[in-house]
Amino acid sequence: MSVDVVADLGHHDVYSRPLGLLPACARRLAGLDALLVGIRCPVAVNLARRQADPQRGFYSLDPDIIARWEAAVHRPGLYDLELDTSELTPAESAAKIGILLAAPPPSRAFERLAAQG
């Protein structure tokens with residue numbers, strides 16, 4: 001049986017000491033047909049979207065906090081595909097992911113991350 005799952009996670013290692021969370025997660029995915037997609041969006045666009053969101057109380061509106069989060073979650077920057085949601089519509093992003101699923105790379109980001117130990 002095959003189950004398709006999409007997860008939206010912001011992994012980072014910005015703690016009092018590095019915990020190696022992303023490589024540990026990648027090792028747990030060993031043997032699964034998993035791909036890693038990096039979603040980027042400029043801080044100014046991210047901030048504007050947050051300000052327009054009626055539930056914005058959940059999000060920080062501090063551009064410095066947003067920039068630090070963006071930097072943290074994109075470290076080390078190994079992906080099978082990167083998308084910039086300021087340039088692509090949701091449908092265009094989904095289409096690019098569909099292309100990746102149809103022809104995945106021979107060396108996957110999770111494999112490279114798992115090897116980082």
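**Exercise 1.** In this predicted model, determine which residues form a nonpolar patch on the surface, and classify Tyr15 as buried, partly exposed or exposed.

*Solution.* Step 1: The patch consists of Tyr15, Leu19 and Leu21, and together these residues have about 250 Å² of accessible area. Step 2: Tyr15 lies in the segment that precedes α1 (21-28). Step 3: The relative accessibility of Tyr15 is 42%, and therefore Tyr15 counts as partly exposed, since this class lies between the limits of 20% and 50%.

**Exercise 2.** State how many salt bridges a search of the whole structure finds, and describe the bridge that involves Arg108.

*Solution.* Step 1: The search yields two salt bridges. Step 2: In one of them, the side chain of Arg108 meets that of Asp33, with an N to O distance of 2.4 Å. Step 3: Distant parts of the chain are linked by this pair, as Arg108 is in the loop between α4 (90-102) and α5 (109-114), while Asp33 is in the loop between α1 and β1 (37-40), 75 residues apart. Step 4: Arg108 has 13% relative accessibility and so counts as buried, whereas Asp33, with a relative accessible area of 65%, is exposed.

**Exercise 3.** Identify what Arg40 forms a salt bridge with, and classify both residues by accessibility.

*Solution.* Step 1: The partner of Arg40 is Glu82, and the closest N and O atoms are 2.5 Å apart. Step 2: Arg40 belongs to strand β1 and Glu82 to strand β2 (residues 81-84), so that the pair, 42 residues apart, links distant parts of the chain. Step 3: Arg40 is partly exposed, with a relative accessible area of 32%. Step 4: Glu82, at 43% relative accessibility, also counts as partly exposed.

Notes. Residues are numbered from 1 along each chain as its sequence is written. This is a predicted model: local features need pLDDT of at least 70, side-chain atom pairs count only at pLDDT 80 or more; totals for chains, interfaces and linings use all residues. Side-chain values use heavy atoms; hydrogens and water are left out. Patches are made of residues with over 30% relative accessible area and no salt bridge: like charges are joined within 9 Å, nonpolar side chains (Val, Leu, Ile, Met, Phe, Trp, Tyr) within 5 Å. Accessible areas come from the Shrake-Rupley method with a 1.4 Å probe; for residues, only the protein chains shown count as cover. A salt bridge is a side-chain nitrogen of Lys or Arg within 4 Å of a carboxyl oxygen of Asp or Glu. Helices (H or I, at least four residues) and strands (E, at least two) are DSSP runs, numbered from the N terminus. Buried means under 20% relative accessible area, exposed over 50%, partly exposed in between (1.4 Å probe, protein chains only).
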